[in-house]
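Work through the exercises below with the sequence and the three-dimensional view side by side, and try each task before reading its solution.

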Amino acid sequence: MRALLVDDDRELARLLSDYLESHGVDLVHVEDGAIALERLAREAFDLVLLDVMLPSLDGFEVCRRIRASHPVPIVMLTARGDDNDRVVGLEIGADDYVPKPFSPRELLARVKAILRRAEPAPRENMLALGDVTIDVEGREVTVDGHQVELTAKEFDLLTYFVESPGVVHSRDRLLDRVWGMSYPGGTRTVDVHVGQLRRKLGRPELIRTVRGAGYKAVGP
C-alpha cells in the first residue's frame with residue numbers, strides 16, 4: 001500500500017511514518033497542498049491522508065481538486081472538532097474524517113477498512129437499475145451511457161442499494177454494511193452520501209427516502 005500524507009505537522013508525520021511503515025504502508029509525506037497535487041498528478045497512490053489546516057491551500061480545497069480528477073480514497077485529518085467541518089469534508093468527497101488526536105493504530109484500521117471496501121468483492125459483475133449501470137469489477141458507473149465519477153464510498157453505497165432494489169435499509173444498517181465500523185460522523189454521513197449520489201447521478205428518484213425507516217433503491 002502506498003499512501004500520501006499531506007500535513008505540516010512534522011512530529012505527527014514522523015510518528016505515522018514509523019508506525020505505518022512497520023505495517024507495510026509506504027508513506028510519502030509532503031507539507032503543502034500544491035505539492036501534494038503535483039505528486040498525485042505524476043505518481044500512483046492508494047490513499048491520501050489529508051490535514052484540513054494547511055499553510056497554503058487548505059485541506060478542503062485540496063480535497064475538491066483531487067476529487068475533480070481522481071478517485072483515490074481520501075481520509076481527512078483535523079484538530080477541529082466542529083461537526084460542520086466533518087460534513088463539509090464528506091460532501092466534497094472525503095471517504096473518512098478522523099479527528100485529532102488519534103492513535104496510529106486507529107488510523108491504520110480505518111485505512112484498511114476503506115481499502116478493503118474499495119476492492120471488488122465476488123459478486124455479479126454488472127448491475128443495473130433503470131438507465132444506471134454499475135460495472136462492479138471495473139468500479140465504473142454510467143447513467144444513460146455516460147460515465148459518472150464517484151468516490152470509493154459513494155460507489156460502495158450505490159452498489160449496495162442496487163444489489164437489493166425495493167429493500168428498505170435503515171441508516172444504521174447502511175453505516176454498518178458500507179462503512180463497516182463505528183463512524184464518528186454518525187448516520188448523518190449516510191444522508192450526506194445519499195445526497196451526493198442523487199446529485200451526481202442526476203436521478204434523485206433512484207434512491208427514495210422512506211420516512212422513519214431509511215432509504216431504498218427503486219426502478220423507473
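## Exercise 1: the antiparallel sheet

In this predicted model, an open sheet is built from four strands in the order β6-β7-β8-β9, with antiparallel pairing. Determine which strands are the edge strands of this sheet, how many bridges join β7 to β8, and which helix lies across β6, β7 and β8.

Solution. Begin at the margins of the sheet, where β6 and β9 (146–148) are the edge strands, since each of them pairs on one side only. Then move inward to β7 and β8, which run antiparallel and are joined by four bridges; here Ile134 stands opposite Val141 in β8. Next, consider the twist: on average, and with direction ignored, neighbouring strands of this sheet are turned by 25° against each other. Finally, look for the helix that covers these strands, and you will find α6 lying across β6, β7 and β8 while running at about 110° to β7.

## Exercise 2: the largest nonpolar core

Find which residues of the largest nonpolar core touch the most other members, and state which element gives the largest share of this core.

Solution. The core counts 27 residues, and those that touch the most other members are Ile134, Val141, Leu157, Leu158 and Phe161. The elements giving two or more residues to this core are the strands β6 (126–129), β7 (132–135), β8 (140–143) and β11 (214–217), together with the helices α6 (152–162), α7 (171–179) and α8 (188–201). Among these contributors, α6 provides the largest share, namely six residues.

To see one member in detail, take Val141 and leave aside residues up to four places away in sequence: its contacts then include Val132, Ile134, Phe155, Leu158 and Leu201, as well as His146 and Gln147. A separate core of 22 residues lies apart from this one, and Val6, Ile66, Val72 and Ile74 are among its members.

## Exercise 3: two helices beside the core

Decide whether His193 is buried or exposed, and then explain why the buried residues of α7 line one face of the helix.

Solution. His193 is found in helix α8, and the step that settles its state is the relative accessible area of 1%, which makes it buried, given that buried means under 20%. When residues up to four places away in sequence are not counted, His193 touches Leu90, Ala94, Lys153, Glu154, Leu157 and Trp179.

Trp179 leads to α7, in which Leu174, Leu175, Val178 and Trp179 are buried. Viewed down the axis of α7, these buried residues fall within an arc of 100°, and they therefore line one face of the helix. The general background is that an α-helix has 3.6 residues a turn, so residues three or four places apart point the same way. Following α7 comes Gly180, whose phi is positive, near 75°.

## Exercise 4: the parallel sheet

Work out in what order the five strands of the parallel sheet are arranged, why β1 is largely enclosed, and which helices pack on or lie across the strands.

Solution. The five strands form an open sheet in the order β2-β1-β3-β4-β5, with parallel pairing. Its edge strands are β2 (26–30) and β5 (96–99), each pairing on one side only, and neighbouring strands are turned by 20° against each other on average, direction ignored. Helix α1 (residues 10–22) packs on this sheet, where it touches β1 (2–6), β2 and β3 (47–51), and its direction makes about 165° with that of β2. Helix α2 (residues 33–42) lies across β1, β2 and β3 as well, running at about 160° to β1.

Turn now to β1, which is largely enclosed by the rest of the structure because four of its five residues are buried. On one pairing, five bridges join β1 to β2, with Val6 standing opposite Val30 in β2. The chain crosses from β1 through α1 to β2, and this β-α-β crossover is right-handed. On the other pairing, four bridges join β1 to β3, and Val48 in β3 is the bridge partner of Leu4. Further along, β4 (residues 74–78) runs parallel to β5 and is joined to it by four bridges, with Val75 opposite Asp96 in β5.

Notes: Residues are numbered from 1 along each chain as its sequence is written. This is a predicted model: local features need pLDDT of at least 70, side-chain atom pairs count only at pLDDT 80 or more; totals for chains, interfaces and linings use all residues. Side-chain values use heavy atoms; hydrogens and water are left out. A nonpolar core is a set of buried Ala, Val, Leu, Ile, Met, Phe, Trp, Tyr and Cys residues joined through side-chain atoms within 4.5 Å. Buried means under 20% relative accessible area, exposed over 50%, partly exposed in between (1.4 Å probe, protein chains only). Contact means heavy atoms within 4.5 Å. The arc is that of the directions from the helix axis to the C-beta atoms. Two strands pair if DSSP finds at least two bridges between them. Axes are lines fitted to C-alpha atoms, for helices over the stretch in contact, and angles run from 0 to 180 degrees between N-to-C directions. A crossover is right-handed if, with the strands pointing away from the viewer, the path from the first strand over the helix to the second runs clockwise.
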